[in-house]
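Look at the sequence and the model side by side. The paragraphs below go from the chain as a whole to a few of its residues.

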Amino acid sequence: MLGVGADGTGGTADDVDVDFTTDSYTPQEPFTGFEDTLDTTAWGYSRGLG
């Protein structure tokens, strides 16, 4: 996964590598704690047996 860099074009040298990791919320957001994108995505895509 990548974040488009300053030139606004994906696939060039200035693109930012984006990974799913645990991250803290920014102070401007009305949430507290940590956002665990990897586990949240895994839970959302998992299938139940029923």
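What pattern does the chain follow when it is read along the sequence? The model is a predicted one, and its chain follows the pattern β-β-β-β-α. In total, the secondary structure comes to four strands and one helix.

Next comes the chain as a whole. It has 50 residues, and 6% of them count as buried. The surface that the chain exposes is about 4500 Å², and carbon and sulfur atoms supply 57% of that area. Another value concerns contacts between residues at least 6 apart in sequence: 0% of these join residues at least 24 apart.

Now turn to the start of the pattern. Strand 1 covers residues 2-3 and strand 2 covers residues 16-17, with a loop between them. G3 belongs to strand 1, while V16 has its place in strand 2. How far apart in space are G3 and V16, C-alpha to C-alpha? The distance is 4.8 Å, although 13 residues separate G3 and V16 in sequence. Leaving out residues up to four places away in sequence, G3 touches D15, V16 and V18.

Is G3 buried or exposed? G3 has a relative accessible area of 18%, and buried means under 20%, so G3 counts as buried. For V16, the relative accessible area is 48%. That value falls between the limits of 20% and 50%, so V16 is partly exposed. V16 can also be compared with A6, which is 10 residues away in sequence. The C-alpha atoms of V16 and A6 are 9.5 Å apart in space.

D15 lies in the loop between strand 1 and strand 2. With a relative accessible area of 18%, D15 is buried. Which backbone atom lies 3.0 Å from a polar atom of the side chain of D15? It is the backbone nitrogen of T12.

Further along the chain there is another loop, between strand 3 (22-24) and strand 4 (34-36). G33 is found in this loop. Its relative accessibility is 44%, which lies between 20% and 50%, and therefore G33 counts as partly exposed. Which residues is G33 in contact with, leaving aside its neighbours within four places in sequence? They are S24 and Y25. A distance can be given for D23 as well: the C-alpha atoms of G33 and D23 are separated by 8.9 Å, and the two residues are 10 apart along the chain.

The last stop is the helix and what follows it. Helix 1 covers residues 37-45, and S46 is found in the segment after this helix. At 47% relative accessibility, S46 counts as partly exposed. How far does the backbone oxygen of W43 lie from a polar atom of the side chain of S46? The distance between these two atoms is 2.8 Å.

Note on methods
Residues are numbered from 1 along each chain as its sequence is written. This is a predicted model: local features need pLDDT of at least 70, side-chain atom pairs count only at pLDDT 80 or more; totals for chains, interfaces and linings use all residues. Side-chain values use heavy atoms; hydrogens and water are left out. Helices (H or I, at least four residues) and strands (E, at least two) are DSSP runs, numbered from the N terminus. Buried means under 20% relative accessible area, exposed over 50%, partly exposed in between (1.4 Å probe, protein chains only). Contact means heavy atoms within 4.5 Å. Accessible areas come from the Shrake-Rupley method with a 1.4 Å probe; for residues, only the protein chains shown count as cover. A polar contact is a pair of N or O atoms within 3.5 Å; within protein, one must be able to donate a hydrogen and the other to accept it, and residues adjacent in sequence count only if both atoms are side-chain atoms.
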